[in-house]
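Q: I have a structure open and would like to talk through its pockets, its ring contacts and a few backbone oddities. Could you go through them with me?

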Amino acid sequence: MVHYGHSNQLRQAKAMGDYLIVGVHTDEEISKHKGPPVFTQAERYKMVRAIKWVDEIVEGAPYVTTLETLDKYCCDFCVHGDDITLTVDGKDTYEEVKKSGRYRECKRTQGVSTTDLVGRMLLMTKAHHSNMGRSDYQQHTDNFGSGPKGHSPWTGVSQFLQTSQKIIQFASGKEPQPGDTIIYVAGAFDLFHIGHVDFLDAVSQLSEKPYVIVGLHFDQEVNRYKGKNYPIMNIHERTLSVLACRYVSEVVIGAPYAVTKDLLDHFKVDLVCHGKTEVFPDRDGSDPYAVPRKMGILRTVDSGNSLTTDVIVQRIIKNRYCSILFSFDLLYNNKKNLATCSALC
């Protein structure tokens, strides 16, 4: 996957030099050394390009980084997180560049990993926290995404701890300038993915000088209109995920579900945009976009991408199911089961 932990590593890497080139592996390489990827290589190429600290990407970068690779792209050194990366046969993928002194290390983001996010999705499918009928759900006042025990009951398995410093590091700090078109969009932006990237890219192209503000709904609001056990990422994590996108200028943390006149006036909004996904009514059954619709500033933007958070979850379930079937087949060496697994995958 591509998540805010990766974005944070890329932010640190960019601070070590002047020009950041990011190598992205193919699906084949990932499957060989780590397991099936959640996003396709084409999706990952596009997502990494959308991270604001990235200057260039190398598509189909080799899994083992060599001096030849660094020299080919005129790189002084390479950077990786402080977690060791091994090949399928147990070798350090950065051994050669480490020995040559052309290796730097950045700190991984505590509380998040691809494994962790995949685990949350798998737990979600087993109804690991159906909170709607619980008293702590009803009593929870969404204090910046935290419940009375320091975590959100809607994303209770998250171990990520937000800090003001982390938000400052991710934020652009840029104010809208004269002549900017201020565009407001709102949503959950859960498991920030290529569908979100394509939408925000399309929104930013509506103006020569776009200033895109993203309103993020609190966890309890997302759970109200999406149901099940969404969101998978809490408000803290979704904030960093969106801030890392190069098409985003500002984020409203805990934006109201209904786009009100006060909100539009406060941010001096010129356009309000929404994708082609379903718009759920507000708690009282009203249209949350009634005000901008009446003002004539509401635009429906077609990103050309139908990927949703639900689709990603289904990919995880499919990968997990096929892995279980494949393991079962290896255990019993039954060719019939293998054929069944292949058909299902």
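A: What follows goes through open and closed spaces, then aromatic rings, then some individual residues, and please keep in mind that this is a predicted model.

Q: Good, start with the second largest pocket: how much space lies in it?
A: The second largest pocket holds about 810 Å³ of space. Its lining is made up of 36 residues, and the ones closest to the centre of the pocket are His-196, His-274, Thr-277, Glu-278 and Thr-308.

Q: Which helices and strands each supply at least two residues of that lining?
A: There are strands E5 (181–187) and E8 (271–274), together with helices H9 (194–204), H10 (219–226) and H14 (309–332), and each of them supplies at least two residues of the lining of the second largest pocket.

Q: And how does the lining of the second largest pocket split by class?
A: The lining of this pocket has 15 nonpolar residues, 14 polar ones and seven charged ones.

Q: Since H9 came up, how many of its residues are buried?
A: Helix H9 is mostly covered, with 10 of its 11 residues buried. The buried residues of H9 include His-196, which is also among the residues closest to the centre of the second largest pocket. Also buried in H9 are, among others, Asp-198, Phe-199 and Asp-201.

Q: Now the closed spaces: how many cavities of 30 Å³ or more are there?
A: The count comes to two cavities of 30 Å³ or more, and the largest cavity has about 140 Å³ of space. It is lined by 15 residues, of which Val-2, Ser-7, Met-47, Phe-192 and Ser-241 are the closest to its centre.

Q: What is the class make-up there?
A: The lining of the largest cavity has 12 nonpolar residues and three polar ones, with no charged residues.

Q: Switching to rings, how many aromatic pairs does the model have?
A: The count comes to four aromatic pairs. One of them is formed by Trp-53 and Phe-170, which meet edge-to-face at 5.2 Å centre to centre, with 80° between the planes.

Q: Why would the Trp-53 and Phe-170 pair tie parts together?
A: Trp-53 lies in the loop between helix H3 (41–49) and strand E2 (56–59), while Phe-170 lies in helix H8 (residues 164–170), so the pair ties together parts that are 117 residues apart in sequence. As for exposure, Trp-53 and Phe-170 are buried.

Q: What about Tyr-94 and Tyr-103, how are their rings arranged?
A: Tyr-94 and Tyr-103 form a tilted aromatic pair, at 5.5 Å centre to centre and with 50° between the planes, and both tyrosines are buried. In addition, Lys-98 lies over the face of Tyr-103, at 5.0 Å from the ring centre.

Q: Which residues form an aromatic cluster?
A: Tyr-225, Tyr-257 and Phe-280 form one aromatic cluster.

Q: Which ring does Arg-104 lie over?
A: Arg-104 lies over the face of Phe-77, at 4.5 Å from the ring centre. In sequence Arg-104 and Phe-77 are 27 residues apart, and in space they are 7.0 Å apart, C-alpha to C-alpha. Arg-104 belongs to strand E4 (residues 103–106) and, with 35% relative accessibility, counts as partly exposed.

Q: Let me jump to Glu-221: buried or exposed?
A: Glu-221, placed in helix H10, is buried, because its relative accessible area is 14% and the limit for buried is under 20%. The side chain of Glu-221 makes a polar contact with the side chain of Arg-224, at 2.4 Å.

Q: Last topic, the backbone: which peptide bond is cis?
A: The peptide bond from Tyr-230 to Pro-231 is cis, with omega near 0°, and Pro-231 is found in the loop between H10 and helix H11 (235–243).

Q: Which residues have a positive phi although they are not glycines?
A: Leu-191 has a positive phi of about 50°, and Lys-228 has a positive phi of about 50°. Leu-191 is found in the loop between E5 and H9, whereas Lys-228 is found in the loop between H10 and H11.

Q: And how buried or exposed are Leu-191 and Lys-228?
A: Leu-191 is buried, with a relative accessible area of 1%, whereas Lys-228 counts as exposed at 60% relative accessibility.

Definitions and conventions
Residues are numbered from 1 along each chain as its sequence is written. This is a predicted model: local features need pLDDT of at least 70, side-chain atom pairs count only at pLDDT 80 or more; totals for chains, interfaces and linings use all residues. Side-chain values use heavy atoms; hydrogens and water are left out. On a 1 Å grid over the protein atoms alone, a cavity is a set of points where a 1.4 Å probe fits but cannot get out, and a pocket is an open set with protein on both sides within 12 Å along at least five of seven lines; lining residues have an atom within 4 Å of a point. Grid points are joined across faces, edges and corners, and a volume is the space filled by probe spheres set on the points. Helices (H or I, at least four residues) and strands (E, at least two) are DSSP runs, numbered from the N terminus. Ala, Val, Leu, Ile, Met, Phe, Trp, Tyr, Cys and Pro count as nonpolar, Asp, Glu, Lys and Arg as charged, and the others, Gly among them, as polar. Rings of Phe, Tyr and Trp (its six-membered ring) pair if their centres lie within 6.5 Å; planes under 30 degrees apart count as stacked, over 60 as edge-to-face and the rest as tilted. Buried means under 20% relative accessible area, exposed over 50%, partly exposed in between (1.4 Å probe, protein chains only). A charge sits over a ring if NZ of Lys or CZ of Arg is within 6 Å of the ring centre and within 35 degrees of the ring normal. A polar contact is a pair of N or O atoms within 3.5 Å; within protein, one must be able to donate a hydrogen and the other to accept it, and residues adjacent in sequence count only if both atoms are side-chain atoms.
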